[in-house]
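Visitor: I would like to take a close look at a single part of this protein, and to understand how that part sits among its surroundings. Could you take me through it slowly, as you would for someone in a first year of study?

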Amino acid sequence: MWMVVLGLVLRWSGRVLWWCLRHPVATGSVVLALWLYVEFDWLGLVVPLVVVSAVSAVWRWRDESSWWAWLAGPLLGAFRRVFVYRRVWREAMTLCGLAETFDRRRVLPELLRVRSDQALDVLTVRMVRGQTPEHFQRVSANLAYAFGRRHARVYAERPGDPPTRAGRWGWVLRLVDRVRYRDRPTVVYVALVRTDALRTVVPPFPVPAVPDFTALPLARREDLRPWSLHLLATHVLVGGATRSGKGSVLWSLVRVLGGGVASGLVRLWVVDPKGGMEFALGRPMFARFACKSFEAMADLLDEAVTVLRERQTRLAGTVRVHTPTEVDPLVVVVVDEMAALTAYLQDVELRKRITGSLGLLLSQGAGVGVLVVAALQDPRKEVLPFRDLFPTRIALGLTEASQVDMVLGDGARNRGALADQMPRWAKGVGYVILDGTPDPMRVRFSYVSDDDIRDMAQQFPAPADASDILAQVGRETATEPVRLPLPRKPSGPLLPDALRNLLDSDGGGEPR
């Protein structure tokens, strides 16, 4: 009997010691609280608590982001890990199909850590041996509802980039970040949306004087941080059903490019097959605008190809990616409702001409600074045959589950991009693919009202000489070398001259 009791005591003592070693902050806090109580009674606990609360309030007032990152986030994450997730962990893993059986024993994924911020809980989970992130991605919706949430996203790598460290102690923090953001193939990250920050309308972002083409702020992420578009050397496809918010994406992009438009760094060439109903308000910002005549739209695209050819001839062997300047600006061709040009246009010859120009722009224009930003409702191959030529894709509310993979790529819906399940209020809410990873992220694009469009059209008009970019830069289109026709070879069988004269003569001996 005494041996059994001694064994239990040693066992639980070992567990307590192991827990203390794994949680040094919590252990130190408990020890400090006990010492203060023993030395100073209740006053030793109240005074430090008031001081810490005051310091925390000032910290949050001066720098809320760092307050969440270093104080509130870790404390809230530790609290929710114990009292929210650990309490139902076994049940949730079993019913979601993530528990495995080995040697007649139930094996569960292990919850390592919970990191919280204003809107998200990011769970770090060690997978069972033999599992992959795809197992969690397939049941992401089940996980969300199992923990009482509506949205969950699964990431194979830790979401977010390492922060930029500078200053005297920057090298120490960089070493810490190297450990925090190291590659961990045995771990998966489950982001649960605790507070849906995308329910509120996102106001327009400030217009920079010089746009950063590698990071144009267009939308708000679920973690309340801005999502930025890398526009340089890429083409953008926006897919969404009617009234899903495609205009929010296009006008948000036009807005952040306003400073470059006014300075001559950017040229906007806009094609609006809806007769100008979408883009006519911003006409002063556009160097080229075609909205009524399909022939004019085809001419605009043909001239974009002309600019492409001229830059290829001039930049070949010099640079690999065009750098926009005021002398040699970035040309952004914005096409709204592309299906009206590629599938629904009744003039077959004109449709072939437009399709040929778009194919050349999408396959060769990114490197020379002639970019295409297109929006459409139906992403099928029959409607958009060169869909795969768009490196950057955005999926707003769609009508069918299969369309999600058509826009974002195969497997995007299984990884959590539920663009076919958008609620009614989700105008301008969509899914984007994070740079460098196949994991989708849910964002909401800023809403640019008609008054905002009129104001920025007056504030950021295109230069007067922006209509003809070739004349503006002082060059003419490089002409192709002239190829002289080769002499025509005689047709028919080769015969001797005497035999041919005999056959060509009539009965009187005269040649016919």
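Guide: A residue is called buried when its relative accessible area is under 20%, and exposed when that area is over 50%. Please keep in mind that the model before us is predicted. With that cut-off in hand we can turn to helix α8, which runs over residues 246–256. Ten of the eleven residues of α8 are buried, so the helix is largely enclosed by the rest of the structure. The buried residues are Lys246, Ser248, Val249, Leu250, Trp251, Ser252, Leu253, Val254, Arg255 and Val256.

Within this helix, Trp251 deserves our attention. A pair of aromatic rings is described by the distance of the centres and the angle of the planes. Trp251 is buried, and its partner Phe279 is buried as well. Planes under 30 degrees apart count as stacked and those over 60 as edge-to-face, with the rest called tilted; the rings of Trp251 and Phe279 have centres 5.0 Å apart and planes at 35°, so this pair is tilted. Because Trp251 belongs to α8 while Phe279 lies in the loop between β10 (266–271) and β11 (288–290), the pair ties together parts that are 28 residues apart in sequence. The contact also belongs to a wider group, since ring pairs link Trp251, Phe279, Phe286 and Phe289 into a cluster.

For a contrast in ring geometry, we may look at Trp67 and Trp68, which form an edge-to-face pair, with 5.4 Å from centre to centre and 80° between the planes. Trp67 and Trp68 are both buried. The count of aromatic pairs comes to nine.

Let us now follow the chain from the helix to the strands. Strand β10 pairs with β12 in the parallel sense, over six bridges, and in this pairing Val266 stands opposite Leu330 of β12. Strand β12, which covers residues 330–335, is mostly covered, with six of its six residues buried. Both of its faces are covered, for Leu330, Val332 and Val334 are buried on one side, and Val331, Val333 and Val335 are buried on the other. Strand β12 also pairs in the parallel sense with β13 (residues 370–376), this time over five bridges, and there the bridge partner of Val333 is Val372 in β13.

Around these strands, one more ring contact is worth finding in the picture: Arg288 lies over the face of Trp269, at 5.4 Å from the ring centre. An arrangement of this kind is found at Trp61 too, where the charged end of Arg62 sits over the ring, 5.6 Å from its centre.

To see what the word buried leaves out, we can finish with a part of the surface. Tyr37, Val38, Trp42, Val46 and Val50 form a nonpolar patch there, with about 540 Å² of accessible area together. Helices α2 (24–40) and α3 (43–62) each supply at least two residues of that patch, while Trp42 has its place in the loop between α2 and α3. Trp42 has a relative accessible area of 56%, which means that this residue is exposed, whereas Trp251 in our helix is buried.

Key. Residues numbered from 1 in each chain as written. Predicted model: local features only at pLDDT ≥ 70, side-chain atom pairs only at ≥ 80, totals over all residues. Heavy atoms only, no water. Phe/Tyr/Trp six-rings, centres within 6.5 Å; stacked < 30°, edge-to-face > 60°. Buried < 20%, exposed > 50% of the residue type's maximum accessible area, 1.4 Å probe, protein only. Helix = DSSP H or I, 4+ residues; strand = E, 2+ residues; numbered from the N terminus. Lys NZ or Arg CZ within 6 Å of the ring centre and 35° of its normal. Pairing = 2+ DSSP bridges. Patch = residues over 30% accessible without salt bridge, like charges linked within 9 Å, V, L, I, M, F, W, Y side chains within 5 Å. Areas by Shrake-Rupley, 256 points an atom, 1.4 Å probe, with all protein chains shown as cover. Salt bridge = Lys/Arg side-chain N within 4 Å of Asp/Glu carboxyl O.
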